[in-house]
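Trainee: Could you take me through one helix-to-helix contact in this model, slowly and in detail? I would like to see how the two partners are arranged and which side chains meet.

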Amino acid sequence: MLSEYFPILVFLGVSTGLGLALLAIGQLIAPKKPEAEKGSPYECGFEAFEDARSRFDVRYYLIAILFIVFDLEIAFLFPWALVFDALGIEAIVAMAVFLGILVIGFIYEWKKGALEWE
């Protein structure tokens with residue numbers, strides 16, 4: 001019975017050894033004195049000038065929510081595309097209606113200016 005767990009023990013040993021070896025190699029070849037550009041802000045493009053607990057502009061959240069909504073709706077296309085050949089005309093019409101609603105929602109958001117960043 002103990003022999004059944006031996007491959008798992010080997011896997012854990014090899015993965016731990018590989019992880020430690022990669023950490024050691026990284027410490028050996030890593031630059032000791034990084035350049036100033038390495039520590040510069042890169043996500044927002046400007047230096048932080050306020051407290052980290054300050055309020056964010058609502059546009060950050062609006063863009064994030066819109067991305068999640070449209071991304072999740074597009075994720076419904078993948079399972080449908082996998083079984084496309086086996087589906088009947090009803091499924092094709094249902095997906096056309098779904099995509100039509102998605103496009104209407106996208107056009108609505110575009111017209112409302114939710115995608116503009118001023």
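Mentor: Happy to; here is a close look at one helix pair, after a few words on the model. This is a predicted model, in which local features need pLDDT of at least 70 and side-chain atom pairs count only at pLDDT 80 or more, while totals for chains, interfaces and linings use all residues. Residues are numbered from 1 along each chain as its sequence is written, and side-chain values use heavy atoms, with hydrogens and water left out.

The chain has 4 helices and 0 strands (DSSP runs, H or I of at least four residues for helices and E of at least two for strands, numbered from the N terminus). Our pair is α2, residues 58–75, and α4, residues 89–112, whose axes come within 11 Å and cross at roughly 165° (lines fitted to C-alpha atoms over the stretch in contact, with angles from 0 to 180 degrees between N-to-C directions). That crossing angle makes α2 roughly antiparallel to α4, a label for angles over 145 degrees.

Now for the residues that meet (heavy atoms within 4.5 Å). From α2 come Leu-66, Phe-70, Glu-73 and Ile-74, and from α4 come Phe-98, Leu-102, Gly-105, Phe-106 and Glu-109. Sorted by class, the contact has 6 nonpolar, 1 polar and 2 charged residues; here Ala, Val, Leu, Ile, Met, Phe, Trp, Tyr, Cys and Pro count as nonpolar, Asp, Glu, Lys and Arg as charged, and the others, Gly among them, as polar.

The unreviewed UniProt entry annotates residues 6–30, 60–81 and 87–108 as "transmembrane region". In the model, residues 60–81 are 95% helix, and residues 87–108 are 91% helix.

Methods
Angles under 35 degrees count as roughly parallel, over 145 as roughly antiparallel, 65 to 115 as roughly perpendicular and the rest as oblique. UniProt positions are given in the numbering used here, feature names are shortened, and annotations may be inferred rather than shown by experiment.
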